[in-house]
Amino acid sequence: MHVLRLNDYKRMPWKNGGGETLEIAVCPADSPTVPFDWRVSMATVASDGPFSSFPGIDRVLTVIDGDAMELTVEGRAPILLDQHSEPYGFPGDLPTSGRLRDGPIVDLNVMARRGLPHAVTRLDAADLPRTSVTAATLFVVALERVVFRTGSDEHELQPHDTVSLAGTRLSDLEVLGSGPILLIAIG
């Protein structure tokens, strides 16, 4: 396990210049904005407006802080996303815009090259060791404080910290406490 702290995420401007992204992880490492195979990032959306276009990329967006955002993706009915909504997938190259309901939100974005399997699941940390998922890359983003233990190693995550579970079997995790997390599976 490797812990990635909120304060250590790479700050970078949005592709469309409308805000800033905190890049949590990207493959290949140190990839330019595009092309990448996949990227996990977090952003504060402080005003209504268009999303950046990412040709050939599919996205999964999850609201993790703040009230709600109505997301409009060309060819789809608008959807209201809040902290209780399921993660929402859409093609990154379709015109997309967001309208805030009541102030800024923070969202988590998982973007992957089209055809590369990727998913985000919202669950309680206590359920993680019983979760069955197979993927080349697994991350957990804490939405509240959570502690993971494997053998003699203990890792405390604060809200918005991430842990890479490379080489760790979920069934080997001991979770101290409970609380909402996001499980990210790529590949």
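Two strands pair if DSSP finds at least two bridges between them. Strands are DSSP runs (E, at least two residues), numbered from the N terminus.

This is a predicted model: local features need pLDDT of at least 70, side-chain atom pairs count only at pLDDT 80 or more, and totals for chains, interfaces and linings use all residues. Residues are numbered from 1 along each chain as its sequence is written, and side-chain values use heavy atoms, without hydrogens and water.

**Exercise 1.** Find the order of the three strands in the open sheet.

*Solution.* Step 1: the order is β15-β14-β17, with antiparallel pairing. Step 2: look for the edges. β15 (153-157) and β17 (174-176) each pair on one side only. Step 3: check one pair. β14 (residues 146-150) joins β17 over three bridges. Valine 147 has leucine 176 of β17 as its bridge partner. Step 4: add the twist. Neighbouring strands are turned by 25° on average, direction ignored (axes are lines fitted to C-alpha atoms; angles run from 0 to 180 degrees between N-to-C directions).

**Exercise 2.** Find the strand that gives the most to the largest nonpolar core.

*Solution.* Step 1: a nonpolar core joins buried Ala, Val, Leu, Ile, Met, Phe, Trp, Tyr and Cys residues through side-chain atoms within 4.5 Å. Buried means under 20% relative accessible area (1.4 Å probe, protein chains only). Step 2: this core has 22 residues, and Trp38 and Phe139 are among those that touch the most other members. Step 3: list its suppliers. β3, β4, β6, β11, β13 and β18 each supply at least two residues. Step 4: β11 gives the most, with four residues.

Note on methods:
Buried means under 20% relative accessible area, exposed over 50%, partly exposed in between (1.4 Å probe, protein chains only).
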